[in-house]
Amino acid sequence: MQKKGYEEALKRIEQVKKDQKTVLNLSDLNLDTIPESIGELKNLTEFHARKNQLVALPDSISELKNLTRLDVRNNQICSLPNNIGNLMKLINLEVFKNKITILPDSVGHLKDLIRLDLADNQFSVLPESIGALKQLRELNIAANQLIFLPESIGELENLKKLNISRNKLRVLPESIKNLKSLIQLDVHSNYLSSLPKGIGELKEMTELDVSSNQINSLPENLNLLKKLLILNISDNQITALIESIGELEKLIELNISQNQISTFPDTFSELIKLNRIRASHNCFQFFPRSILNNPNIKTIGFDDKDANYGYQNISLFGNPISDVPPEVLKKGMNAVRAYFAAQENSETLRLYEAKLLIVGEPGAGKTTLAKKVQDPLAPMPAPEATTRGIAVEHHTFKTKDGNMFKINIWDFAGQEIYSATHRFFLTKRSVYALLTDNRRESENFNYWLNIIEILSENSPLLIIQNERDNRKKDLDELGMKGRFSNIKEMLPCNLLDNRGLPQVKQAIEYHLENLPFVGMTLRKEWVDVRNELEQMAKSETESPGDYTPFIEERDYYELCRKHEITDRTEARTWATLLHDLGVLLHFQDNALLRRYMFLSPPWATAAVYRVVDCREIQEQNGFFSKADASALWQGERYDEVHDELLALMSEFKICFPLDGTKDRYVIPQHLRGQPEAFIWDDRDEVRLLLDYRFLPKGVFHQFMVEMHRFLADARTLAWDTGALFKREGAEAWVEEVYSENKISVRVRGNQKQPLLDRIVEQFDAIREQFSGLVAEKKIPCRCSVCVGREKPYLYDYEILKRRLQAGKKDTECQVSFEELSIVRLLGDYFTAEKINRDAYGQMISGQPRIFISYAHKNEAFKDEFREMVAPMEKSGKWNVWDDRWLLPGDNWNREILRHLEEAHVAVLLLTPAFFASDYIYDEEMRRAVERHRRGEMMLIGVLVSDCMFEETPLRDIQIVPKDALPVERHPNRSQIWKSVANKIKETIEFSRGDRGRRGGW
């Protein structure tokens, strides 16, 4: 027994008895038993004892004849007392998250029970007496061990919500068809192979979730659910949707992800209210045109984040769509509609083109392979010849269907100095050839395997073994393919005598032909534009006097207009496609570079590599002037674009301006190997270790370029693997330990938080540029044993964060077993407030959803607020919801709570009427506070009228106006509403990091 908690419980029981109160709260007292004296509280109507260590309820609880609510969630209770049925007035029984194995039959005596929550226990059966609960509205028995449901469940004639998810059910009883009042049914994560035929008789159903089962088809009468709003059938074995799905005219959300569906039926176009479709990981080869005329479908998700969180109107990640380029899909539905419309109104051609990227170590034979793919009789390059940067060549071959296929062959130099630019050119829509030289060992072989995997989005990889002198070398083909799923073939050859070359060419051509999007249709006008651009980029020897290595973007648009293409969105999409194909370079996200289209990628990259390769600059430890670069860029049309080439080097994160000037630059890759001596006082420092599963070369150099304005001294305290940074009273020592795939961050000073925040944010931003890159944040232990160790115990930051959010204050070192304060361990940076702010920032990555909670008596104030924020709504920056959006016939309770659960921000208009409303206090406010405490939502209270919010759970949330003068008493209401709106805007921006980035350094 926990003495302190037990004494507090006795004290509270006595106080309730003395004051003749009707509510008793013994939650969070770490109790393992409840005092028997609770039976003396004859007038008690509510008893809360959640989040304790209770293993049983006292028999005396049966004496509480007036009890209407019993809440013992989150305990260790193994069984309910047999006399639980004596609580005849009980309306709400919550025993969620305990260890109960049997529900006593006497539960059937609770005739007035409206809500019963038995989730997350260990039930394997339910008693037949459950059917006696005729008034029951909500039944939650999720996360138990149920194998079947009793037939009596069909007798719950007033049941509205039934959650039987995460059990072991293989069938649903036919009696479920009798639940005529049911509006929500959740049976996800069971073993169902089909749904009962009677499902169509549940005419009031608005939400149905049967995801994560083994269902292979939907019942034909599903179309009878005319009120259905949300349908989730994801993660099953369904191959086709029923034609009658188009009759679900009120459907607004459909989740069919992780099935084997390849098309939508034609009737799908009739679902005009549908605004969210999750269709990731299916078999769609063609874009579902039946949604083109749905005005609600505006945005398309085509990456894993969208697939998981459904932020977009339709998610198509993981489908082999081949009739619409991904560059078009990423620009949204308007671009897709324009793409199809353009094809309908003009002649079309099919595009057979892709990139072949040849990579490997210097001297492995990459240039030879590039030549011999084009002509097996091509002579071997001279022994001293070596590729500098990137060489691009073109070749055509005839496919098995008789089409001419164009290959853009990119031959990458193998020197490490060029690794910083890999992320710009190792792309999807490509086949990779990794060439190995069997005469020597290569430590970088695994590097190439990893960098291709994380940058290419699983593009096919061929490992070509150049067996010089016919020396063979065995590779663990089975093990490598098990680790790297993109490895398609391992092919031996000898490029000197062409042994094995026909097989290599055949494999390259086969995998190029079978890339996604090969053979997609394009307007003939685009092919004409492309041909003209290609003609401009021909070398001087092929077209003397017409050599045009770059053009301005406006000239490109003019060329498009010449070929009757006037839509700029369409023009930019086509430019993106040409960029991905390796035809040209166009960096649309860079304000300076997007003005130019580099029609000859080798011309542009050669200019960059001239500076990087310059021996004099290397001998100067990477420091150079604009004049030095200009001297290297003489001739070959470089004279006109020196500023743009420097911008290109910055875009590649190869260099940064020194001391804020535009005349002096530094290439961090060439910095010296060691800094000048400096003293580091590690007292009160915060340490963080970024542990990468694989660390691409150049990540730290890219970080240094991004953070150069914080460098303490680029000349003396920055070196090729580390640097010292300063910002507003704090210093950071950041160093790469490449051999261990780690980056060490140490911060000291009075203002550690802003600097460490910026460092972590920057490394996170870099990681997001590598789609498959995984990095874990580790916190070194500071216990008495670990402090002096070279390798202290490392805590996982995510686990510490979850412990802190769950209210845990301490953690244990697995070396010394000492307990340490999490807050002390994490320092003044990783506070609970900061952790929650990070969570909000991740949530609000797009348009924030704002829920307004208010009492109807105060509707005029709500309208004033909405008028003030109308510009934010109309510009698409905010999505604001309140219950005025409810339509006649809507289930208002379900709709309000659904929007509250989906909101990122809840704005509460605080008045006496707000707190007097039982629904607001018990439902809206309670749920919002719980989500806020879990870090899932921001709460902002607007003090509209004088009220006692300090006596409520809202006392700890952010309250505006700042001066605590209620809105209704403010002399200028418009002014105060504007300040409220600005505060909300500022809070959202700060929470997702926008304000920190825009607000200077």
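Which side chains meet in a salt bridge at 3.1 Å, N to O, with Arg483 on one side? Select Arg483 and Glu453: their side chains form that salt bridge, 3.1 Å from N to O. The term stands for a side-chain nitrogen of Lys or Arg within 4 Å of a carboxyl oxygen of Asp or Glu. Arg483 sits in helix α8 (residues 477-483) and Glu453 in helix α7 (residues 445-455), so the pair ties together parts that are 30 residues apart in sequence. Helices here are DSSP runs of H or I with at least four residues, strands are runs of E with at least two, and both are numbered from the N terminus.

Before moving on, some housekeeping. You are looking at a predicted model, where local features need pLDDT of at least 70 and side-chain atom pairs count only at pLDDT 80 or more, while totals for chains, interfaces and linings use all residues. Residues are numbered from 1 along each chain as its sequence is written, and side-chain values use heavy atoms, with hydrogens and water left out.

**More salt bridges**

Stay with the first pair for a moment and colour by accessibility. Arg483 is partly exposed, at 41% relative accessible area, and Glu453 is partly exposed too, at 25%. The cut-offs are simple: buried is under 20% relative accessible area, exposed is over 50%, and partly exposed is in between, using a 1.4 Å probe and protein chains only.

Next, pick Glu685 and Arg746, whose side chains meet in a salt bridge of 3.1 Å, N to O. This pair links distant parts of the chain, 61 residues apart: Glu685 is in the loop between β27 (664-666) and β28 (686-692), and Arg746 is in strand β32 (residues 742-749). Both Glu685 and Arg746 are buried, so you may want to hide the surface for this stop.

Now go to Arg973 and Glu864, where the N to O distance of the salt bridge is 2.8 Å. Here the link is between helix α26 (residues 973-991), which holds Arg973, and helix α22 (residues 859-874), which holds Glu864, 109 residues apart. Arg973 counts as partly exposed at 29% relative accessibility, as does Glu864 at 25%.

For a group rather than a pair, select Arg50, Arg69, Asp71, Arg73, Glu94, Arg115, Glu138 and Lys161: salt bridges that share partners join them into one network. Across the whole structure, a search finds 46 salt bridges.

**Two helices and a buried one**

Show α10 (residues 524-536) and α11 (residues 553-562) as cartoons. How do they pack, and at what angle? The angle is about 135°, and the axes are 9 Å apart; axes are lines fitted to C-alpha atoms, for helices over the stretch in contact, and angles run from 0 to 180 degrees between N-to-C directions. That makes α10 and α11 oblique to each other, given that under 35 degrees is roughly parallel, over 145 roughly antiparallel, 65 to 115 roughly perpendicular and the rest oblique. The crossing of α10 and α11 is right-handed, meaning that the near helix is turned clockwise from the far one by less than a right angle, with anticlockwise being left-handed.

Then select α16 (residues 642-651). Eight of its 10 residues are buried, so α16 is largely enclosed by the rest of the structure. Among the buried ones are His642, Leu645, Leu648 and Glu651. Step just past α16 and you reach Lys653, which takes a positive phi of about 60°.

**Loops worth a click**

Ile245 is in the loop between β10 (230-232) and β11 (253-255). Is Ile245 buried or exposed? Buried, with a relative accessible area of 1%. Add Asn223 to the selection: Ile245 and Asn223 are 22 residues apart in sequence and 5.7 Å apart in space, C-alpha to C-alpha.

Jump to Asn498, in the loop between β21 (487-493) and α9 (501-513). Its phi is near 70°, a positive value in a residue other than glycine. Phe817 has a positive phi as well, about 65°, and is not a glycine either. Look for Phe817 in the loop between β35 (810-812) and β36 (819-821), where it counts as exposed at 52% relative accessibility.

Last stop: Pro961, in the loop between β41 (958-960) and α26. The peptide bond from Val960 to Pro961 is cis, with omega near 0°.
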